[in-house]
Amino acid sequence: MQRVAVVGVGQTHFVSHRKDVMHSELCFEAVNSCLRDANLSIDDVNAIVFGVMDGFDGVDCLDRWCAGAAGGYGRPFMRINTAGATGLSTGIAAYHQVASGLSDVVLAVAEQRVSESLDAQSILNTAACPIYDRNIGGTAITLGSLPATRHMGLYGTTHAQRALVSVKNHRNACLNPFAHLRFEVTVEQVLQSRLIEWPLRLLECCPRSDGAVAVVLAGEHVARSLTDRPAWIHGAVSMADTFFYGDRPDVAYRDNLAVAARRLYRKVGICDPRKEIDVAELYSPFTSLEIMQTEALGFCSEGQGVRLVEEGVTWLEGDLPVNPSGGVLCTNPIGATGLVRMAEAALQVMGRAGEHQVNGVKTALCHGLGGVLQFQTLMVLGAEPR
Amino acid sequence: MDKVAIIGTAQWASAQPTSHAFYELATIVAEQALHNAGIDRGAVDAWFMGEYDLSVGRTASHMYTVPAAGGFYQDEIRIHDDGLFAAVQAFLGILSGEYEVVLVVSTGVTSETCQDRLSTYSLDPFFVRPLGLTEAIANAMQAHSYRIRHNITNIEGAQRVVKSRTQAQLNANASVWAPITVSEVLNAPYAVYPLRSPEFAPYCDGACAVVMASEPVARRLGRPPIWIRGIGWANDTYHLGDKDLAHLPALEKAAEMAYHMADITDPPRQVDVAELYDVTVYHEIMASEALGLFEKGAMHQWLQEPLSTPGPAINPSGGLIGGRPAAAAGLIRLAESVGQVMGRAGRHQVDGARTAMAQSMSGWGNQRAAVMIVGR
């Protein structure tokens with residue numbers, strides 16, 4: 001057992017379609033930039049953990065092709081896929097590998113080229129049972145719209161309140177050079193954008209992005225020798241729930257996330273998340289989900305998520321900025337997205353986030369989401385080892 | 001280093017396409033493995049799945065299998081590779097101090113799709129996929145290279161098939177166990193030239209689950225646990241043209257790592273049983289040589305039945321020739337190894353087995369390999 005820290009991150013620019021490079025070259029870009037960031041060479045890396053979700057890239061088991069570009073020849077190599085949660089699961093698997101003491105330096109890499117599929121939704125639908133569930137017309141967006149409707153009914157949340165989340169995240173994305181959608185929007189524009197699935201409008205939904213991200217993790221001894229300011233991993237949890245959406249207590253509550261959060265806070269010794277967490281990078285592909293996630297994570301009480309954004313708490317200058325990178329609403333390379341959250345959280349802790357740096361970050365939370373709002377992954381990083 | 005134990009296993013296999021949904025197999029083996037371990041679902045901290053998606057025609061297939069295996073409101077992760085890789089990651093999860101008890105589950109329902117056709121989708125679409133290469137062709141190329149390199153005749157290959165089928169007949173969990181003769185093998189149709197269909201491991205439907213526990217938990221349960229003595233896993237080049245096809249370099253690396261951890265310096269003497277991932281009968285030989293259990297090209301020396309020959313017993317279960325349920329096949333090698341060192345393998349029990357080794361491979365030209373050594 002040993003303490004573990006993030007010592008470097010690398011991201012590609014996220015765009016709709018990276019036509020200029022192949023899958024393996026895209027992976028190489030992120031890995032190279034990550035190793036440069038950590039001042040390491042691939043020879044210093046003991047093992048690779050690779051995350052991608054199958055189906056979107058025009059290639060099955062993309063890890064096999066990208067293994068070389070990720071530096072995986074002649075090295076231990078582990079392939080992760082937990083649907084949308086893949087990215088952070090990849091980070092957690094790498095964390096366990098270093099914490100086990102078996103490896104000192106592990107590289108976590110995640111990539112997705114959603115552009116290679118003509119229609120990502122038709123691929124996502126193959127996850128559902130072909131006899132019972134596949135033909136009911138549900139989509140990934142339903143997972144944002146159903147809870148949004150329920151939230152409106154229960155707490156009187158308005159379209160304009162949800163639109164504020166979009167305004168905030170788009171503004172943040174303009175400060176993040178790697179973000180996919182980099183333009184500011186107004187509440188008016190959000191409300192007038194095309195209706196996607198009631199009540200969600202275009203600017204309340206994430207794009208589909210191409211890109212790759214890499215994070216390098218090191219054991220305590222190596223981490224201290226590499227940098228004065230690593231991002232220490234305090235703890236991580238993941239959480240599985242039933243596939244059957246109708247079996248959940250209520251679509252407006254992210255019950256599984258609340259349980260996962262409580263377990264994580266107990267593990268890392270957080271009593272008051274609102275006070276003790278300085279910044280959060282959440283897997284929020286829809287405005288509605290960000291609001292509900294902040295409630296489930298205990299940043300406010302149930303139904304009060306809109307207050308946080310209305311009162312400016314979750315804005316970049318606020319008390320507890322949420323998605324200062326622009327988040328998933330502006331960049332979503334599905335299987336890589338969770339690892340982007342971890343990379344951004346680490347950058348915030350290391351004080352190297354650039355223009356979207358939050359002042360004085362001591363503790364950062366990152367989150368991954370997969371399946372039918374079914375898999376939740378969480379990790380806390382801190383400026384001091386725990 | 002802390003110790004990790006295996007406290008229960010379960011296997012399920014069927015030669016006929018199963019009438020169960022693929023995730024129901026996860027329930028069957030998870031329940032049975034927990035029962036065999038003498039614990040209930042509530043004692044499990046985390047679920048480690050080892051499964052491929054497209055082999056059941058779906059993306060994110062673990063959305064169904066994790067809850068079906070009992071993974072509900074607890075930690076989960078899915079390794080998108082052979083089940084033995086999930087076992088490796090599970091072992092690391094326990095060593096990291098994060099978990100006390102974990103359940104490793106792997107399902108392989110190959111009857112849902114055409115596995116060989118599917119394999120072409122993991123080839124890059126620009127350079128290699130248009131060639132029409134499939135996994136079976138790649139494996140046959142490896143087998144053929146090995147045969148030429150070491151002057152192995154097709155009769156010797158056929159004798160290996162007979163040996164594996166004979167062993168599979170003793171294994172209640174094998175799905176293909178019909179006896180076969182050398183002349184039947186030699187007269188069987190070619191699957192991929194120059195290999196005939198019985199020389200390939202036949203796909204089947206199956207599943208496997210393994211329960212692992214930290215040392216304190218394993219000791220508390222009061223039964224003699226089986227300890228994981230060493231692990232190794234590695235990856236090699238994706239491009240077939242970049243390597244010597246007659247070798248398995250990833251497996252050599254993985255073996256080196258596992259032997260180092262298990263403090264094994266003389267594998268032929270210190271390993272009693274090896275359960276190998278024989279996608280063709282020749283891969284059984286290549287693997288046993290890559291693991292240092294026999295000298296390279298020395299196949300002629302060990303054509304006898306594994307239960308009676310001196311040295312490590314190779315695939316007493318019949319190996320993959322007895323059935324290959326995709327991702328579950330490697331985890332089944334681990335369950336078999338555990339069965340051997342517990343002395344509960346049944347009719348294919350190797351006398352006095354104290355140390356056993358499970359091995360699996362995946363990818364193009366078996367670019368990736370995992371090894372786990374277990375012992376009493």
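Which strand of chain A does β2(A) pair with in the parallel sense over five bridges? Keep that in mind while you get your bearings; the tour reaches the answer at its second stop. The model you have open is predicted.

**Stop 1: the whole of chain A**

Start by showing chain A alone, as a cartoon. You should be able to trace 14 helices and 11 strands. The C-alpha atoms occupy a box of roughly 55 × 45 × 40 Å along the principal axes. For a chain of 386 residues, a compact globule would have a radius of gyration near 21 Å, and the 19 Å of chain A agrees with that. Colour by burial and 64% of the residues of chain A come up as buried. Among contacts in chain A with a separation of 6 or more, 79% are between residues 24 or more positions apart.

**Stop 2: strand β2 of chain A**

Now select residues 47-51 of chain A, which form β2(A); five of its five residues are buried. Turn on the side chains. In a regular strand, side chains alternate between the two faces of the sheet. Here A47(A), V49(A) and G51(A) point one way, while I48(A) and F50(A) point the other way.

Add residues 105-113 of chain A, and you have the answer to the opening question: β2(A) pairs in the parallel sense with strand β4(A), over five bridges. To find a matched pair, look at F50(A), which stands opposite V109(A) in β4(A). Then bring in β3(A), which runs parallel to β2(A) and is joined to it by four bridges. There, the bridge partner of G51(A) is I80(A).

**Stop 3: A173 of chain A**

Next, select residues 159-173 of chain A, helix α6, and zoom in on A173(A). Is A173(A) buried or exposed? A173(A) counts as buried because it has 26 C-beta neighbours inside 10 Å. Leaving aside neighbours within four places in sequence, its contacts are A179(A), L181(A), R182(A), G326(A) and C330(A). Label N323(A) as well: A173(A) and N323(A) are 150 residues apart in sequence, yet 9.0 Å apart in space, C-alpha to C-alpha.

**Stop 4: where the chains meet**

Bring chain B back into view. In all, 51 residues of chain A are in contact with 49 residues of chain B. To colour the chain A side, pick out the elements that give two or more residues to it: α2 (62-66), β3 (77-80), α3 (86-99), α4 (120-124), β8 (231-239) and α9 (255-268) of chain A. The largest share comes from α3(A), with six residues. By type, this side of chain A divides into 27 nonpolar, 18 polar and six charged residues.

**Stop 5: chain B and its helix α5**

Finally, hide chain A. Chain B has 12 helices and 12 strands, and 64% of its 376 residues count as buried. The C-alpha atoms of chain B fill a box of roughly 55 × 45 × 35 Å along the principal axes.

Select residues 135-149 of chain B to see α5(B), a helix of 15 residues that reaches 21 Å from its first C-alpha to its last, close to the 21 Å expected. Its buried residues include A138(B), A143(B) and Y146(B). To see what the buried residues of α5(B) pack against, show α4 (115-119), β5 (190-192), β6 (195-196) and α11 (281-290) of chain B. End at N151(B), which follows α5(B) and has a positive phi, near 50°.

Key:
Residues numbered from 1 in each chain as written. Chains lettered and ligands numbered in written order. Predicted model: local features only at pLDDT ≥ 70, side-chain atom pairs only at ≥ 80, totals over all residues. Rg over C-alpha atoms; globule rule 2.2 N^0.38 Å. Buried ≥ 20, exposed ≤ 12 C-beta atoms within 10 Å, placed from the backbone. Contact = placed C-beta atoms within 7 Å. Nonpolar A, V, L, I, M, F, W, Y, C, P; charged D, E, K, R; others polar. Expected span 1.5 Å × (residues − 1). Pairing = 2+ DSSP bridges.
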